[in-house]
Amino acid sequence: TRITVLDPLPLFASSFRTVGRPRPSMTSFNSEIKASFDKWTKSWNEGDTNGYLQGYADLPSVRYVSGKKVIVGKENVTKLFQERGARGRLSLVHFESDCVSETDALCFGKYQLVETSSEDHQAEETHEGCFTCHLRRIDGSWKILSDHSS
């Protein structure tokens with residue numbers, strides 16, 4: 001009997017060749033994701049709540065978490081943001097995205113929201129926080145499946 005033994009080292013080593021260097025397709029996906037967040041932020045700043053909500057997947061499993069609130073379902077997320085309205089000036093202070101596959105990505109960032117007081121139109125209140133989102137590429141567009149903002 002003849003037994004062939006393969007040396008696993010070349011296979012193991014080749015799987016780490018791209019460490020630290022994203023695959024070109026993932027780099028383009030990260031650019032698409034950043035462009036999507038920029039578009040949603042622009043909608044917010046224009047007072048376009050519906051445009052902002054285009055970022056969330058139209059699924060009953062979509063989740064938005066903030067503070068102690070957990071909102072599940074696109075319909076409920078829409079209701080929450082329409083009641084609040086897109087108010088103030090939103091900016092992304094820091095943004096990172098990491099494609100974990102060709103259809104899924106995780107994003108982390110810091111945001112700043114500057115609101116003008118409704119009572120004293122001169123006073124500004126600044127809110128800052130962090131967010132983590134799970135996005136999925138659906139029909140060629142990146143959509144938020146889960147958004148945890150604090």
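Two strands pair if DSSP finds at least two bridges between them. With that in hand, let's look at this predicted model, where local features need pLDDT of at least 70, side-chain atom pairs count only at pLDDT 80 or more, and totals for chains, interfaces and linings use all residues. Residues are numbered from 1 along each chain as its sequence is written, and side-chain values use heavy atoms, leaving out hydrogens and water.

The protein chain has 4 helices and 6 strands; helices (H or I, at least four residues) and strands (E, at least two) are DSSP runs, numbered from the N terminus. The 6 strands form an open sheet with mixed pairing, in the order 2-1-6-5-4-3. Strand 2 and strand 3 are at the edges with a single partner strand each, so one side of each has no neighbour in the sheet. Strand 1 and strand 2 run antiparallel and are joined by 4 bridges, with Arg63 opposite Val72 in strand 2.

Next comes the largest nonpolar core (buried Ala, Val, Leu, Ile, Met, Phe, Trp, Tyr and Cys residues joined through side-chain atoms within 4.5 Å). Here, buried means under 20% relative accessible area, with a 1.4 Å probe and protein chains only. This core has 30 residues, and Ile33 is among those that touch the most other members. Several elements give two or more residues to the core, including these:

| Element | Residues |
|---|---|
| Helix 2 | 24-45 |
| Helix 4 | 74-84 |
| Strand 4 | 104-116 |
| Strand 5 | 124-138 |

Helix 2 gives the most, with 6 residues. Buried residues make up 33% of the 150 residues in the protein chain.

Methods: Buried means under 20% relative accessible area, exposed over 50%, partly exposed in between (1.4 Å probe, protein chains only).
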